Amino acid sequence: MSANSTAGTPAAGVSISLAELRENQPRFQGFVGGHRACVGCGQALAARLVTEAAGPDVAVANATGCLEVFSTAWPDSAWRVPWLHSLFENAGAIASGMEAAFKARGQSTKVLAFAGDGGTFDIGFQSLSGMIERNHNVLYVCYDNEAYMNTGVQRSSSTPHAAATTTSPAGRDRLGKRHMKKDILQIVAAHHMPYAATASVAYPSDLRKKVRRAMEIEGSTFLLVHSPCPLGWRHDGAKSIEVARLAVTTGLVPIIELERGALTGSMPIREQRPVIEYLRAQGRFQHLFADTAEAREELEHIQALADYNIERYGLRGSGNDARDTEGADTVRRGGVRWA
Amino acid sequence: MRQALEGSQAIARAVALCRPNVVSAYPITPQTHIVENIAKLVADGELKCEYVSVESEHSAASVALGAAAAGARAYTASASQGILLMCEVLYDIAGLRIPMVLTCANRAVSAPLSIWNDHQDSMAVRDAGWIQLFCADNQEAVDTTIQAFRIAQDTDLPVMVCVDGFTLTHTLEPIDLPTQQQVDGFLPPFVFARALDPRKPLSVGTLATPEWFTEARHSHHGAVLAATDAIVAADRDWQQVSGRGCGGLLQVDGPADARIGILCMGSVVGTLQDARDAMPELPSARIIRLRSFRPFPAQALREACAGLDQVVVLERALSPGAMGIVGAEVRAALYGVAGAPRVQSVAAGLGGRDMPLTLYAQLIALAQAPATTDFAILDVELDKLPAADRYPEAAVAVSSGDRS
């Protein structure tokens, strides 16, 4: 913490300097503990995994949202990489400017843009589209928790169909959000994207591999990370990974890679789980278990959406799930250069 | 060597002489020629920089913000609706204390739609915390642009160079473009101590709780106030390099014993000076041109008004339901000053309405009138309006007696 004031100098009463600590730490950590995320926050976990895999030669452009708010409150900061927060809807443009500056100055630093689904699917969509259309060398990571969580759980265009939020509540006349979740990955891929992929905090090694893959590409890349929000999804904070894994194994969140729009990778589902297992685990879908014809119809509808994803991306597969420890030894290390 | 250049072309060449690293560009009339000219300089290899054609003014300002935060000398330009779309980014740039330069090709703000010149756009963002400098002519636009980059890096503040749309941007004037050597001698390479750097990671743009927000505003306010020194110093140093000054904070012109003062901003100063010369039968007014609107040079203004009985503030924007914006600020600056002149405030030249030489006579008549005009729009043609809107000038110009 207090990265603003103490980097490189020994803290009072501590005999080792932060610089020495950084040299000696086993792996690079760009985002450290002490922040104020909720228990079980998927976004905090994902941000740690992404920065760890991306390594130290990065600079982060962060949209307004939970991640920005819980990771910094002056004079503290959980970031150990250069980090810039500007506004809600301009992460793509800020990142573009940072990248242009590094390019103009002959600096190799890779720019990462971090935003939630509100800052990506909705209000920040224009600046994201501009950034990827111009093919800035930026890895844009959307931490998708499927609603405006920072303002208290309002629906976004990423909120899944039938989920209840404070602006799409369930009631006598409504069964949660009436509209479909926007297929942002395909929209992004339609920008002739070199690489656009989905990932989930339930599969950290897959997430790390995708980050490393994206880091090696010179140009715009996009990673959509499904990140549970216990507060907004209304599940126990200890169940975040379980819930996130069910989102994948039901087929509701396909884990895929698109290169120039073509499907080049997918995480196979060995044993498809029924969507009700995923839905039942979360308070935001509880209204779908009422004993009404409408609720039953919605459940069937959501199952159909999952089945469609599995058919569309050919997700039915055999063999073992990817091992979570795979690739863990290849995360980037700290070192003298970054002290 | 002087050469005939369109204002926008001259500004673009001045920007190029300042060796920007990143230029973000989005078209809007009457600013477009500036970014077009810069694009051509880049295409012709005369300017080496990252030229980023963005998808909106919001992103134009954001790209410049990100670039400057990452250590680049950054520039963009806009006008009118573009400035308003940028509004939250402009506040953010200033609050983050990001040094950069933006040219505002001053234009009216919708509705009704008008592409023509007034100052409502830059007035709409006067509280964003930027330095705002208004230019009298295209030579000054060139010189002020160069000075602006120096002021920005001396103060860690963004600078908005305001030039009258069309009147300056689209007008050919003989311009003395400085040499690269002159500019390099005046403007050191851009170094930003707080630049984003993986070797020395900073968190920029953090949340500020109520324990810290007030202090951040206090520091920012103090920095803008103190920028008067940097503005004066940059103008003085540039005068040594080029032989031309722009008046520092404000320019005073006219006889020392003048009793009537006219205060204005921007290119209308030339019209007023010509009119004064052309109408020797009228009293010769002291013409005070505010060059720096932010920081507001209250002390310099008080000195400039010394000896005057009357000041008429002529401005090209207003705060509907209140009064002229510059007028209110001039009144505030002179309030309580012993022997301060009577201040009257008028708006004219809105949405590109021509401001002819006869304007000078109108302003003199106002100064000589016994009744005080707190505020009026000077050049309304009431016969064009429906009856309900033909409120008499007297109702607008609230008469509050002679305060002098």
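**Exercise 1.** Identify the strand of chain B that pairs with β4(A), and give the sense of the pairing.

*Solution.* β4(A) pairs with strand β9 (residues 203–204) of chain B, in the parallel sense and over two bridges. Strands here are DSSP runs of E of at least two residues, helices are runs of H or I of at least four residues, and both are numbered from the N terminus. Two strands pair if DSSP finds at least two bridges between them. Within this pairing, Leu84(A) has Val204(B) as its bridge partner in β9(B).

The model is predicted: local features need pLDDT of at least 70, side-chain atom pairs count only at pLDDT 80 or more, and totals for chains, interfaces and linings use all residues. Residues are numbered from 1 along each chain as its sequence is written, while chains are lettered from A and ligands numbered from 1 in the order in which they are written.

**Exercise 2.** Describe the side of chain A that touches chain B.

*Solution.* Start with the totals: 43 residues of chain A are in contact with 39 residues of chain B. Contact means that the C-beta atoms of two residues, placed from the backbone, lie within 7 Å. Next, find the elements: those that each supply at least two residues include α1 (3–6), β1 (58–62) and α7 (125–133) of chain A. The element that gives the most is α5(A), with 11 residues. Last, sort by class: 24 residues are nonpolar, 13 polar and six charged. Ala, Val, Leu, Ile, Met, Phe, Trp, Tyr, Cys and Pro count as nonpolar, Asp, Glu, Lys and Arg as charged, and the others, Gly among them, as polar.

**Exercise 3.** Work out how α1(B) is placed against α2(B).

*Solution.* Helix α1 (residues 7–17) and helix α2 (residues 32–43) of chain B pack at an angle of about 50°, and their axes are 8 Å apart. The axes are lines fitted to C-alpha atoms, for helices over the stretch in contact, and angles run from 0 to 180 degrees between N-to-C directions. That angle makes α1(B) oblique to α2(B); angles under 35 degrees count as roughly parallel, over 145 as roughly antiparallel, 65 to 115 as roughly perpendicular and the rest as oblique. Among the residues making the contact are Ile11(B) and Val15(B) of α1(B), and Ile34(B) and Leu41(B) of α2(B). By class, the contact has seven nonpolar, four polar and no charged residues.

**Exercise 4.** Give the strand order of the six-stranded open sheet in chain B, and name its edges.

*Solution.* The order is β10-β12-β11-β14-β15-β16, with mixed pairing. β10 (250–253) and β16 (376–377) of chain B are the edge strands, each pairing on one side only. Inside the sheet, β11 (residues 260–264) and β12 (residues 286–290) of chain B pair in the parallel sense over four bridges. There, Cys264(B) has Arg289(B) as its bridge partner in β12(B). Helix α12 (residues 325–334) of chain B lies across β11, β14 (310–315) and β15 (342–347), at about 150° to β14(B).

**Exercise 5.** Locate the cis peptide bonds that precede Pro30(B) and Pro112(B).

*Solution.* Most peptide bonds are trans. The bond from Thr29(B) to Pro30(B) is cis, with omega near 5°, and Pro30(B) lies in the loop between β2 (22–25) and α2 of chain B. Ala111(B) and Pro112(B) are also joined by a cis bond, with omega about -5°. Pro112(B) sits in the loop between β5 (101–106) and α6 of chain B.
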